[in-house]
Amino acid sequence: MSTITLISGSTMGSAEYVAEHIAEILENHGFSTKVLHGPSLDDLPLEGLWLVVTSTHGAGDLPENLQSFADAIIQQHPDLSRVTFGAVGIGSSEYDTFCGAIRSLEQLLADHKAKRIGDRLEIDIQQYEIPEDPAEEWVKEWAKLL
Ligand SMILES: Cc1cc2nc3c(=O)[nH]c(=O)nc-3n(C[C@H](O)[C@H](O)[C@H](O)COP(=O)(O)O)c2cc1C
């Protein structure tokens, strides 16, 4: 079975913890995983399965550690037609731009022909004190689609 590459974007660590937790669940279900926090595009295989986990900062913006990844996609136009991906966002519904980062990143990946698997999860920290909880439920269902 091919490796699932988890890509996290985070400022204070919440999304990183969620990505690590999701990876652990996937490993427990027999998948192999690699977790990359704030990778550059060069770190990633341009095929296979990605799982993007990112918080939102600024006004709907990507965390700084994912910005160069997104910029590289815009500048280099990689062909991502052999990439499928899952999408998990973490944000706060206090903001009009709730989970803006995962929505825009998902659009960027789709613009480059990557295909999403399953529904996007958007975790509202106003609703969940422990964001790993909804992520755990979501990934158990998501894994069934693989
Ligand atoms: C300065 C600031 C701006 C934020 N802007 C947004 C936003 O536009 N949309 C959103 O959904 N959440 C926003 N958030 C909430 C964060 O996404 C949320 O606190 C998240 O848990 C942070 O995760 P991280 O530690 O992985 O970065 C903002 C938080 C801060 C501190």
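Which pocket corresponds to the space taken by the ligand? In this predicted model, the ligand occupies the space of the largest pocket. Helix 1 (14-28) and strand 4 (83-91) are the elements that each contribute two or more residues to the shell around the ligand.

The ligand is surrounded by 20 residues, and the closest of these are Ser10, Thr11, Ser55, Thr56 and Thr97. Sorted by class, the shell comprises twelve polar and eight nonpolar residues, while charged residues are absent from it.

Individual polar contacts were then examined. Ser55, one of the closest residues, places a polar side-chain atom 2.8 Å from an oxygen atom of the ligand. For His57, a polar side-chain atom likewise lies 2.8 Å from a ligand oxygen atom. The contact made by Gly60 involves the backbone, with an N or O atom located 2.9 Å from an oxygen atom of the ligand. Taken alone, the ligand exposes 640 Å², of which 80% is buried by the protein.

With respect to annotation, an unreviewed UniProt entry lists residues 4-143 as "domain: Flavodoxin-like". In the model, the C-alpha atoms at the two ends of this span are 11 Å apart. Helix accounts for 37% of residues 4-143 and strand for 24%. The listed range includes Ser55, His57 and Gly60, whose contacts with ligand oxygen atoms are described above.

Key: Residues numbered from 1 in each chain as written. Predicted model: local features only at pLDDT ≥ 70, side-chain atom pairs only at ≥ 80, totals over all residues. Heavy atoms only, no water. Near = heavy atom within 4 Å. Polar contact = N/O pair within 3.5 Å; in protein donor to acceptor, adjacent residues only side chain to side chain. Areas by Shrake-Rupley, 256 points an atom, 1.4 Å probe, with all protein chains shown as cover. 1 Å grid on protein atoms, 1.4 Å probe; cavity = no way out; pocket = protein on both sides within 12 Å on 5 of 7 lines; lining within 4 Å. Sits in = over half its atoms within 2 Å of the grid points. Helix = DSSP H or I, 4+ residues; strand = E, 2+ residues; numbered from the N terminus. Nonpolar A, V, L, I, M, F, W, Y, C, P; charged D, E, K, R; others polar. UniProt positions renumbered as here; feature names shortened; annotations may be inferred.
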